[in-house]
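User: I am new to this structure and would like a close look at one part of it, explained slowly and with each term defined. Please begin from the question below and work outward.

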Amino acid sequence: MLGPEQVLIVGEDGSVTDIVSENEAGDNIQSFPGILSPGFVNSHCHLELSHMRGLIPEKTGLVDFILKILTERHFPDDAIEKAIEKAEAEMVANGIVAVGDISNNLSTLPQKLKKNIAYYTFVEVSGWNPGLAQSRFEKSKIDYEAFRLAAPKAKISMVPHAPYSVSPDLWQLMQPYFHQHTISIHNQETVFENDFFINGTGDFNRLYQLLNIDTSFYQPPGLGSIPYYLPKMKDAKNVLLVHDTFTSEADVQFVQRQSSSGLQQFFYCLCVNANQYIENALPPIELFRKNNTTLVIGTDSLASNHSLSILDEIKTIAKNFPQIPLEEILQWATFNGARALQMDDLLGSFEKGKKPGVLVIEGGIHTENAKVKRLL
């Protein structure tokens, strides 16, 4: 966010060349009503699900939402391709310059190669049956290598879907691929995630039954989900904990102990509109603020959201937590997100040499009339 009476000087290629006071800037200063901000970073998205916009009813709960995704995501390739192109154009128009994108297949690769947005592609791995760990891993590895071959300079990592969908055998196969990468994981999106790891109860058992997945091998570790899986990610440079709707103070303190070595950075990704869409709940944002955690913002997918707009996420946060300063929320949406995706060398803030994009936010963030206009 640009301070009062400051002038941003940007080169023809969009790079920041200087920030000076208004009385030093000379003539021909362009003024815009509103707030000048760097481009937004969407730290969590599923672009490949863009064709599912409006197909899943709201507030079904996570298990029924997952079942709908698994059973209704199969569309003709051309319909998926067109939806991906349209969704990306929506993100560009909404001021998003970088995206942490979950990929279970190669459907987004052709669009990503157009380089309209900077992507960190998270090739997602899942499989709860230990007997299928090798085949699931090999399939994901093929996709991972395809992304790397097509875009050798792009940021790509192999990541677990969620603690309840990755068997111990599959964790072991993935771990060598975590080193120095940003690793994303869906975390505590529902209240019964901890129940499943502490005592084996909760609605995930219904999910496995409906999917005919044998769970006879499973012995609950007697730990909450974060203490169970976080040590498995010790080689990652950044860990992106996504959703966090039912994260407790004990969980946050466990993460802080893990990060005390200074070898890892942890980021909590808020996807508030998706949280309301699926679980009709909001994450404990004040708990995160009280504990000085690093927050970022994502949109999730068009299967679980009405738009791919970081501004819409900011509006929901501001409406439900009006005490949080706008400048702080904008930092979550820009600089923190760029750090999480290891893109802060170019994006996230107005600093000399960076090319963060330039937005103007008009209309006051606490009103429905707030809108974003992309200048660069």
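Which residue just after α10 takes a positive phi, and of about how many degrees?

Analyst: The residue is Asn-280, which follows directly after α10 and has a positive phi of about 55°. Most residues other than glycine have a negative phi, and most peptide bonds are trans.

The model is predicted, and residues are numbered from 1 along each chain as its sequence is written. Local features need pLDDT of at least 70 and side-chain atom pairs count only at pLDDT 80 or more, whereas totals for chains, interfaces and linings use all residues, and side-chain values use heavy atoms, with hydrogens and water left out.

Helix α10 itself spans residues 272-279; helices (H or I, at least four residues) and strands (E, at least two) are DSSP runs, numbered from the N terminus. This helix is mostly covered, since six of its eight residues are buried, where buried means under 20% relative accessible area, exposed means over 50%, and partly exposed lies in between (1.4 Å probe, protein chains only). The six are Val-272, Asn-273, Ala-274, Asn-275, Tyr-277 and Ile-278. Together, the buried residues of α10 pack against α1, β9, β10 (265-270), α11 (285-290) and α12, with contact taken as heavy atoms within 4.5 Å.

One of these buried residues, Asn-273 in helix α10, deserves a separate look. Asn-273 counts as buried because its relative accessibility is 15%. Leaving aside residues up to four places away in sequence, Asn-273 touches Ser-304, Asn-305, Asp-312, Glu-313 and Thr-316. Its C-alpha atom is separated by 8.0 Å from that of Ser-304, although the two residues are 31 residues apart along the chain.

Several of those partners lead to α12. The axes of α10 and α12 come within 8 Å and cross at roughly 75°; such axes are lines fitted to C-alpha atoms, for helices over the stretch in contact, and the angles run from 0 to 180 degrees between N-to-C directions. The two helices are therefore roughly perpendicular to each other, a label for angles of 65 to 115 degrees, while under 35 counts as roughly parallel, over 145 as roughly antiparallel and the rest as oblique. On the α10 side the contact is made by Val-272, Asn-273 and Gln-276, and on the α12 side by Asp-312, Glu-313, Thr-316, Ile-317 and Asn-320. By class, this contact has two nonpolar, four polar and two charged residues; Ala, Val, Leu, Ile, Met, Phe, Trp, Tyr, Cys and Pro count as nonpolar, Asp, Glu, Lys and Arg as charged, and the others, Gly among them, as polar.

Helix α12 (residues 310-320) also packs with helix α13 (residues 326-340), at an angle of about 140° and with the axes 11 Å apart. In this pair, Ile-310, Ile-314, Ile-317 and Ala-318 of α12 meet Leu-326, Ile-329, Leu-330, Trp-332 and Ala-333 of α13. By class, that contact has nine nonpolar, no polar and no charged residues. Ile-317 thus appears in the contact with α10 and in the contact with α13, and it is also among the residues with the most contacts inside the largest nonpolar core, alongside Phe-40 and Leu-230. This core has 106 residues, a nonpolar core being a set of buried Ala, Val, Leu, Ile, Met, Phe, Trp, Tyr and Cys residues joined through side-chain atoms within 4.5 Å. In soluble globular proteins, nonpolar side chains tend to be buried together.

Returning to α10, two further neighbours remain. Helix α1 (residues 62-72) has Leu-62, Val-63, Phe-65, Ile-66, Leu-67 and Ile-69 as its buried residues, and these pack against α7 (204-210) as well as α10. Strand β9 (residues 238-243) holds His-243, which has a positive phi of about 90° although it is not a glycine. His-243 counts as buried because its relative accessibility is 0%.

A further case of positive phi is Lys-115, at about 60° and again not a glycine, found in the loop between α3 (109-112) and β6 (118-125). With a relative accessible area of 72%, Lys-115 is exposed, whereas His-243 is buried.
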